[in-house]
Amino acid sequence: MPAAKPRIVIVGGGFGGLFTALDLAAAGSVTLISDEDHFLFTPMLYEYLSGEVEEWHIAPKYRELLDENVKLVRGAAANIDLTQKRVTVEGSGEPIDYDILVLAVGGVTNYAGVPGAEEFAIPFRKIAHANLLRKRMVTALDHVPPNLPPQDTRRALTFAVTGAGASGVELSTKMADLLRDAFERRALTGEPRVLVIEMGEKIVPGMGDAIREIVTQALTESRVEVHTLTRVVRITQNVVTVEHNGAQSEIETAAVVWTGGVRVSPLLDRLAIEKTDRGLILVEPTLQVRGHENIFALGDIAYYEDATPTLAGTGQLALQEAGLAARNIRALIDGEPLETKHFEEMGEAVSLGTERAAVLAGGKAFGGPLARQARFALYTARLPTWHHRLKVGASWFFEGTAPSPLLPLGIQRDT
Ligand SMILES: Cc1cc2nc3c(=O)[nH]c(=O)nc-3n(C[C@H](O)[C@H](O)[C@H](O)COP(=O)(O)OP(=O)(O)OC[C@H]3O[C@@H](n4cnc5c(N)ncnc54)[C@H](O)[C@@H]3O)c2cc1C
């Protein structure tokens, strides 16, 4: 390592990148490159959709989180030259040279080649996606007059969610509760329809039976229709075509939300480093990229064998990896031995509609309104920086976390 302050460049400011930057701040000359101006606490994007939390709670701007020890470069990293050790950023003049590189660019929505999915389905990974979905629900509601017959109302207010993993069940219960509340406020007849379409045979396949039972009950209470062993064949502007037992059927929808999968950022496609069949970067147990001692990779893009399959692709893994990456970068600079770590499961906390949640902690699962409170408390502790945690904790405590109803367009918070 050069004697002067080594140039540490971190690409991506999510769970992996931001927490590494916060931990490393004074260790060298640290630059964080991000295509967004904010961090996003994704586990609460559902609560943002329902208005239980505000944008500033879960998507704080980097400039509020980082001090002057970290230089922020706003833009998408477009190319990484491993020989010259430099990163080119879209729309920015000079490339950025590094001595140590941290890759933490996360994943993007994987539409699995389903025709029409990328064009017509709404992904659910960013604030903008939640805003779009909420607007779509409000617009659909605004087009339904109170005197419309129940069957027509139901058809006009049908929403489909693809995939019954944690994301699919959290989103569908939230949407169903919000829509039913809107039905009452607007005196509409009948009921909205929210479907979850799942290829596999069971919901939340990555979770244990105890928590699955609570989730199943919540889906029933929120009147979400679950279609397992059903495949999405095609999506158009207003219709989703599904296949079950070899038979295809068409369902008219106001919107389809795609929570069906994640793939690694396309930035990595062009990078000549060792990867798995799924394109994940193969890292040593120290989080160094194989064959490159000065490059670290973590989070959704890295394959860390010890954490697979249970923790792979989770924020809780990326968060823990950030601590190890920062520690090992300091050791590399100081010429000390690098460490490895066994990452712990920090429990599950699943949001279920606007009034309930399910929490798995210490091997015990519990649900209901108390679990919802526990989830808020647990997540306050996982937000970045003490300052932000205190501000958010105080806001939730004093101002409450009631959902914001789907009022007509024009009196919405986001219009
Ligand atoms: C809706 C939702 C809910 C989730 N809920 C949970 C949960 O409850 N518990 C859990 O453990 N996990 C959850 N996850 C998964 C969790 O968010 C990810 O595992 C975690 O964010 C991975 O961290 P990361 O640092 O690898 O990537 P990310 O947090 O995705 O961060 C990557 C960052 O890099 C930026 N970026 C991408 N490409 C570029 C580029 N070319 N140049 C510059 N910047 C770039 C992105 O904008 C982003 O800011 C959820 C995910 C979603 C989408």
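Author: A polar contact is a pair of N or O atoms within 3.5 Å. The model here is predicted.

Reader: Which backbone atom of Gly313 is paired with the ligand, and at what distance?

Author: A backbone N or O atom of Gly313 lies 3.1 Å from a ligand oxygen atom. For Thr314, a backbone N or O atom is 3.4 Å from an oxygen atom of the ligand. Gln316 has a polar backbone atom 3.1 Å from a ligand oxygen.

Reader: How much of the ligand does the protein bury?

Author: Taken alone, the ligand exposes 990 Å², and the protein buries 86% of that. Helix H1 (15-24), strand E2 (29-34) and helix H10 (315-334) are the elements that give two or more residues to the shell. H10 gives the most, with three residues.

Reader: How many residues surround the ligand, and which are the closest?

Author: The ligand is surrounded by 31 residues, and the closest are Gly16, Asp35, Thr42, Ala77 and Asp300. By class, the shell has 13 nonpolar, 13 polar and five charged residues.

Reader: Turning to helix packing, where do the axes of H6 and H8 stand relative to each other?

Author: Angles between axes run from 0 to 180 degrees between N-to-C directions. The axes of H6 (residues 127-142) and H8 (residues 166-185) come within 11 Å and cross at roughly 30 degrees. The crossing is right-handed.

Reader: Which residues make the contact?

Author: H6 contributes Leu133, Met137 and Leu141, while H8 contributes Leu171, Met175, Leu178, Leu179, Ala182 and Phe183. By class, this contact of H6 with H8 has nine nonpolar residues, no polar ones and no charged ones.

Methods:
Residues numbered from 1 in each chain as written. Predicted model: local features only at pLDDT ≥ 70, side-chain atom pairs only at ≥ 80, totals over all residues. Heavy atoms only, no water. Helix = DSSP H or I, 4+ residues; strand = E, 2+ residues; numbered from the N terminus. Left-handed = near helix turned anticlockwise from the far one by under 90°. Contact = heavy atoms within 4.5 Å. Nonpolar A, V, L, I, M, F, W, Y, C, P; charged D, E, K, R; others polar. Near = heavy atom within 4 Å. Polar contact = N/O pair within 3.5 Å; in protein donor to acceptor, adjacent residues only side chain to side chain. Areas by Shrake-Rupley, 256 points an atom, 1.4 Å probe, with all protein chains shown as cover.
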